Amino acid sequence: MRMRITIAGVSLVAVVAAVSILLVGERPHSVAAPLRPGFHVSGGRLYDADNREFVMRGVGHNHVFYPERTARVFSDVKAMGANAVRVELSTGVIAKRNDAADVAHVIALCRQNRLVCVLVVSDTTGWGYRPAAIAQARAVDYWISIRQALIGQEKYAILNVANEPYVLDNYQKWPADTADSIRRLRAAGIRHTLLVDAPDWGQDVSFTMRDHAAEVFAADKYRNTVFSIHMYGAFFRTTTVHDYVGHYLAAKLPIAVTEFAYTHHDGDVDEDAIMAEAQSQRIGYLAWSWSGNSGDVGNLDMVTAFNPRALTWWGRRVFNGPNGIRQTSHEATVYTP
């Protein structure tokens, strides 16, 4: 929601395995499943191409406005322990278009740094509220137009279809539009895991995504869609976080927290609850954001002026605190020899 110009009769082995996944820092388990082209969803969990459960632990980076910083950012966040980075792209509406060649370069940089690339169109932020914002359907047009840079990279890249494309007065359109977006991407030959942002500036205060997630998931012929929730002021206490996430876990639908911070314009955020819930339930999180936020949200920078030696309080919390990235992140096994 930021505004910017920016898991008597039981075998011992099974008991040990069940306990191990609850231990902090324990690598998530694998499942016996047929090989897929890349990341895929099974039983409400995300798996990589080696059929190992993958739990995202990373941060956001605004490649749109800081393309010259991207290579160094990826190197720095990897050194800090991240296993994924969410990279903002533009269709050309709000900034210079990130064309197929540039997106291929971004994925190559992710691969060089053994990071999973979560690519997201940012031009859709606040559609229906911000005059320059575009509809989610146009983000789909963009992905299809650069598909030559995407196809073949399913092991390394995840597509976050559109950032916060539905706000507070057009959330009713989310189910039908999102299902249609998924169908169009699949028809175009794009088999990547898809992330779809919730309405209401990503926070789903209307519970539209929660209540329609099953039908939207069913719209994906590959059943390879993950639901993306942004946790800002609407997630200000432990019960709110736990109850929301619990709905998806009970329904065996995949969910990830792809943006959160410790505060925002809409109030305080319970970052401790978010990170603890994500770790205990093996849910991915991508904190907002590494550096370069505009003045009104500059306090959400994790490092000052892109300097990894200048961690802010927020950066120290995300990387070094309880349930933080250093403590809980595991590299995707597709990068393990």
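Q: Why is the crossing of α8 and α9 called right-handed or left-handed, and which is it?
A: The word depends on how the near helix is turned from the far one by less than a right angle: anticlockwise is left-handed, clockwise is right-handed. By that rule, the crossing of α8 and α9 is right-handed. This is a predicted model, in which local features need pLDDT of at least 70 and side-chain atom pairs count only at pLDDT 80 or more, while totals for chains, interfaces and linings use all residues. Residues are numbered from 1 along each chain as its sequence is written, and side-chain values use heavy atoms, leaving out hydrogens and water.

Q: How do you know at what angle α8 and α9 cross?
A: Two packed helices are described by the angle between their axes and the distance between the axes. Each axis is a line fitted to C-alpha atoms, for helices over the stretch in contact, with angles from 0 to 180 degrees between N-to-C directions. For helix α8 (residues 238–251) and helix α9 (residues 271–280), the axes cross at roughly 35° and come within 8 Å.

Q: What makes residues of α8 and α9 count as meeting?
A: Contact means heavy atoms within 4.5 Å. On the α8 side the residues are T238, V241, H242 and V245, and they meet A273, I274 and E277 in α9.

Q: What makes a stretch count as one of the helices or strands, and how many does the protein have?
A: Both are DSSP runs numbered from the N terminus: helices are H or I with at least four residues, strands are E with at least two. Counted this way, the protein has 11 helices and 12 strands.

Q: Why is the link between C110 and C117 called a disulfide?
A: The rule asks for a pair of cysteine sulfur atoms within 2.5 Å. In C110 and C117 the sulfur atoms are 2.2 Å apart, and the two form a disulfide. A search of the whole structure finds one.

Q: What handedness does the disulfide of C110 and C117 have, and why?
A: It is right-handed, because the torsion about the S-S bond is about 65°.

Q: How do you know whether R86 is buried or exposed?
A: Buried means under 20% relative accessible area, exposed means over 50%, and partly exposed lies in between (1.4 Å probe, protein chains only). R86 has a relative accessible area of 0%, so it is buried. Across the protein, buried residues make up 58% of the 337 residues, and both C110 and C117 are buried too.

Q: What makes R86 and D197 a salt bridge?
A: A salt bridge needs a side-chain nitrogen of Lys or Arg within 4 Å of a carboxyl oxygen of Asp or Glu. R86 and D197 meet at 3.7 Å, N to O, and so fit that rule. R86 sits in strand β4 (residues 84–89) and D197 in strand β7 (residues 194–197), 111 residues apart. D197, at 0% relative accessibility, is also buried.

Q: Why is the pair of R86 and E259 said to tie together parts that are apart in sequence?
A: R86 forms a salt bridge with E259, with closest N and O atoms 2.9 Å apart. R86 lies in strand β4 and E259 in strand β9 (residues 255–260), so the pair joins parts that are 173 residues apart in sequence. E259 has 0% relative accessibility and counts as buried.

Q: How do you know whether D211 is buried, partly exposed or exposed?
A: Its relative accessibility is 47%, so D211 counts as partly exposed. R210, with a relative accessible area of 24%, is partly exposed as well. D211 and R210 form a salt bridge with closest N and O atoms 2.8 Å apart. Elsewhere, salt bridges that share partners join K78, R114 and E331 into one network.

Q: Why is G60 counted as buried or exposed, and which is it?
A: At 2% relative accessibility, G60 counts as buried. G60 is found in strand β3 (residues 57–61). Leaving aside neighbours within four places in sequence, G60 is in contact with R86, A287, W288, S289 and W290.

Q: What covers the buried residues of α10?
A: The cover includes β3, β9, α9, β12 (285–287) and α11 (325–328). In helix α10 (residues 313–320), the buried residues include W314, G315, R317, V318 and F319.
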